[in-house]
Amino acid sequence: MDKIGHRLFQHTGDSSQKSVQERYATTPDSGDSDADLLDAYSRAVVRVVESVGPAVVSVVVGKNSPGWRGEQVGAGSGVAVSPEGYILTNNHVVQGAGRIEIRTADGTSHPARLIGADPATDLAVLRAGTRDLPYASFGDSGKVAVGQLAIAIGNPLGFDSTVSTGVLSALGRAFRSRDGRLIENIIQHTAPLNPGNSGGPLVDSRGRVIGINTAIIPMAQGICFSIPSNTASWVLPQLVADGRVRRGYLGIAGQSQPLPQHLALPLGLAANQAVEVVSVNRASPAGRAGLRPGDLIVAINDTCVTCIDDLHRFLTVWPIAEPATLTIVRNERRITLPIVPAEAVACTAAG
């Protein structure tokens, strides 16, 4: 090993090959360039805060009773995203709120009302009692990259207009919302968050909102999460128009179940997992389609189904009341059933 190392670093006489020491000896002092980079970083953060900071608000939740200012029961952050005064925040910030107030960066307070909420993505839309709010623009969260600068603005622990910076540390994370649905394509970042940051924006170096901060892991350091802006921009118009995101449902409770190999191969199934139907609501689309407890759902419209989340993904984008086809295994036979998803009255953890 010593001989190998010696040969690697030994001067060979070829001017095109230099030792490590020689390379560093011929490199100019990088002190000035480092300072320039830090100055550029600082200027980028300052520009973002100056442009986006005024659009970030504190969301104060109180009881629906006289004198509610003295009965604050929750607080979070939000970001204005349109000239009409619409504000995005987290559903868990405003869930169950009696009254809502927003406070701008200059300390001005305005009443706000809940326009719509989507527990499945932990997003909610408020409308402020003023249309004079500065607003931020969405970026494309589908084009972000691990390692790029991330800037979080919010009101952690009640400290208004707090700025923290970090980097995007991972993309494509997934975790469960409070109603049990899987939220996908979550952005993980290292911009420090604390209680009260929820609902505030995660911003890139150009001042574009690339996420809505939603969660931290208690006792962890530098592990924070944001709902991607592409999800938020998909949810926002639906909440403004209908107050909810319309999703289909089938009316079953199910669980993932491994498929025995002696079934999967002869039936030509693409996966070795399926969703076992545990129970069926008789008045639901599943009941009308003839699904029974014990059936194994292996596909819907030729889309492979291995878990309830696969059904949720399909039902999120499939038009409500549009006929679909279930492929199931019953009594070791592969059969198809027509089914017409109905609109879910409320988000549930089952399909």
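In this predicted model, the sulfur of C304 lies 9.4 Å from the closest cysteine sulfur, which belongs to C307, and this separation is too far for a bond. A disulfide is a covalent bond between the sulfur atoms of two cysteines. Because a pair is counted as a disulfide when its sulfur atoms are within 2.5 Å, the distance of 9.4 Å excludes C304 and C307. C307 is accordingly in no disulfide, and a search of the whole structure finds 0 such bonds. The surroundings of these cysteines were also examined. C304 is partly exposed, with a relative accessible area of 34%, whereas C307, at 18% relative accessibility, counts as buried.

The chain as a whole contains 8 helices and 20 strands. Of its 351 residues, 44% are buried. The exposed area of the chain is about 18,100 Å², and carbon and sulfur atoms supply 52% of this surface. Among contacts with a separation of 6 or more, 60% join residues that are 24 or more positions apart.

Strands of a sheet pair through backbone hydrogen bonds, either parallel or antiparallel. In the present model, 6 strands form a closed barrel in the order β7-β8-β9-β12-β11-β10, with antiparallel pairing. From one strand to the next, the twist averages 50°. Within this barrel, strand β10, spanning residues 201-203, pairs with strand β11, spanning residues 209-216, over 3 bridges in the antiparallel sense. L202 stands opposite G211 of β11. Helix α5, formed by residues 229-242, lies across β11 and β12 and runs at about 45° to β12, which comprises residues 224-228.

The largest nonpolar core consists of 28 residues, and those with the most contacts inside it are V52, V79, L88, V125 and I212. Two or more residues of this core are given by each of α3 (31-52), β3 (86-89), β6 (123-128), β7 (149-154), β9 (182-189), β11, β12 and α5. The largest share, 4 residues, comes from α5. Apart from this core lies another, of 20 residues, which includes V275, V277, L311 and A324.

The contacts of L88 illustrate the packing of residues that are distant in sequence. With neighbours within four places in sequence left aside, L88 is in contact with G78, V79, V81, A124, V125, F138, G199, I212, A232 and L236. Of these partners, V79, V125 and I212 are themselves listed, together with L88, among the residues with the most contacts inside the largest core.

Definitions and conventions. Residues are numbered from 1 along each chain as its sequence is written. This is a predicted model: local features need pLDDT of at least 70, side-chain atom pairs count only at pLDDT 80 or more; totals for chains, interfaces and linings use all residues. Side-chain values use heavy atoms; hydrogens and water are left out. Buried means under 20% relative accessible area, exposed over 50%, partly exposed in between (1.4 Å probe, protein chains only). Contact means heavy atoms within 4.5 Å. Accessible areas come from the Shrake-Rupley method with a 1.4 Å probe; for residues, only the protein chains shown count as cover. Two strands pair if DSSP finds at least two bridges between them. Axes are lines fitted to C-alpha atoms, for helices over the stretch in contact, and angles run from 0 to 180 degrees between N-to-C directions. A nonpolar core is a set of buried Ala, Val, Leu, Ile, Met, Phe, Trp, Tyr and Cys residues joined through side-chain atoms within 4.5 Å.
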